[in-house]
Amino acid sequence: AVGPKIFQYVVKVIAQAMQLLYTMLKIDQPSYVLLQNPPGLPSIAVAWVVCLVWRSKLIIDWHNYGYTIMSLIHGRNHLLVQIAKWYEKLFGRLSDYNFCVTNAMKEDLWEKCSIKAVTLYDKPASYFKETPLELQHRLYMKLAKVYEPFKAQYVTESVNSSAERSAFTEMDDKNGCVIKTKGRPALLISSTSWTEDEDFSVLLKALEDYEQYIHDGVKLPSLVCVITGKGPLKEYYNQLIDKLHFRHIQICTPWLEAEDYPLLLGSADLGVCLHKSSSGLDLPMKVVDMFGCCLPVCAIHFECLHELVKHNENGLIFRDSNELAEQLKMLFLEFPTLEGKLHNFRRNLRASKQLRWDESWDQTVLPLL
């Protein structure tokens, strides 16, 4: 950490380039080098040099543009952003094959960079699926040891006294039968890396409106809102959450173990996505995983989102906090007795029989190789 930031950045890039070049030249000669971009600085240039040495083929898998992500912090006109833009276009054209995650990006790569790409949509891994009720209960009981919202909040007369209870489920100790608790809260989940491309104040404002709906007498369930992940802005949003005083909404921000995340997605009632693409050309992987679990989604609008979220078919698209609040009210009205739209969305996701990651790879990538 010496000198101006741009000097530090240049030194960092040169050091990473030398490390990466040294490491890659030590490996056995590959037929192909498959590189995901971003991050592409300095890896695209280094991978191209290595491929020249090895006489290998370079494949770039375009998930976004690195320079548009940099622009979220520095602004589009910053010198570093302009250099990164020039660099990506120059070295991107030197690849042998290209994949990208949307048809919109495919068109953009061709129009702006003369790069011919094949669309390879992200698909969920096979372990993203609906979670059986018994597994849901075990997960809730595990999380209840650490997170208050998963604990049973109260006991009604109808509840079996021998039952083991979470906020959402109960299991009879005698026969091991698990049922969903009457009057349970709805489980809302969102996942994030807590970065500038996701504005969680939109969700927090919508939850304030949702609380007001209940106060005004609308028949809505209590909400447990789980926001998973870790990243640079987590502490900032946790401070905002601490200032909220809800009576009917509980928010927790856990970092889940890898095996628990798909189980929780497969147990939730609704997913919320606040990812706004820096380029407007990539799609949120979290929604792909949610759909793998047949979990309906409310997602914030951006240019090519329609390639993944079909409005009123597998979820809803909103533009601001007011629209999200209205969607939450509509979806959770008289929940869990009535699950009209939520049930229809889930049924459509089940019926879609979407490809899994390995099947999609076999269909799209193998013919190219």
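This passage describes a sheet, two helix pairs and one buried asparagine in a predicted model.

Four strands form an open sheet, arranged in the order β1-β2-β3-β4, and their pairing is parallel. Strands β1 (32-37) and β4 (118-119) are the edge strands, each pairing on one side only. In general, the strands of a sheet pair through backbone hydrogen bonds, in either a parallel or an antiparallel manner. Within this sheet, strand β2 (residues 57-62) and strand β3 (residues 97-100) are joined in the parallel sense over four bridges. At one position in this pairing, Ile60 has Asn98 of β3 as its bridge partner.

Helix α4 is placed across β1, β2 and β3, and runs at about 135° to β2. Helix α4 (residues 79-92) also packs with helix α3 (residues 66-74): the two axes come within 9 Å and cross at roughly 175°. Angles over 145 degrees count as roughly antiparallel, and α3 and α4 are therefore roughly antiparallel to each other. On the α3 side, the residues that take part are Gly66, Tyr67, Met70, Ser71 and His74. These meet Leu80, Val81, Ala84, Lys85 and Glu88 in α4. Sorted by class, the contact of α3 with α4 has five nonpolar, three polar and two charged residues.

A second helix pair is formed by helix α11 (residues 321-332) and helix α12 (residues 340-352), which pack at an angle of about 90° with their axes 6 Å apart. Helix α11 is thus roughly perpendicular to α12. Met330, Leu331 and Phe332 of α11 make the contact with Lys341, Leu342 and Phe345 of α12. By class, the contact of α11 with α12 has five nonpolar residues, no polar residues and one charged residue.

Asn314 is located in the loop between β12 (297-300) and β13 (315-318). The relative accessible area of Asn314 is 10%; buried means under 20%, so Asn314 is classed as buried. The side chain of Asn314 makes two listed approaches to backbone atoms. The backbone oxygen of Leu308 is reached at 3.4 Å, while the backbone nitrogen of Lys310 lies 2.8 Å from a polar atom of the Asn314 side chain. Leaving aside neighbours within four places in sequence, Asn314 is in contact with Phe291, Pro296, Val297, Leu308, Val309, Phe345 and Leu349. Leu308 therefore appears both as a contact of Asn314 and as the residue whose backbone oxygen the Asn314 side chain reaches. Phe345, another contact of Asn314, is also one of the α12 residues in the contact with α11.

Terms used: Residues numbered from 1 in each chain as written. Predicted model: local features only at pLDDT ≥ 70, side-chain atom pairs only at ≥ 80, totals over all residues. Heavy atoms only, no water. Axes fitted to C-alpha atoms, helices over the stretch in contact; angles between N-to-C directions. Helix = DSSP H or I, 4+ residues; strand = E, 2+ residues; numbered from the N terminus. Parallel < 35°, antiparallel > 145°, perpendicular 65-115°, else oblique. Contact = heavy atoms within 4.5 Å. Nonpolar A, V, L, I, M, F, W, Y, C, P; charged D, E, K, R; others polar. Buried < 20%, exposed > 50% of the residue type's maximum accessible area, 1.4 Å probe, protein only. Polar contact = N/O pair within 3.5 Å; in protein donor to acceptor, adjacent residues only side chain to side chain. Pairing = 2+ DSSP bridges.
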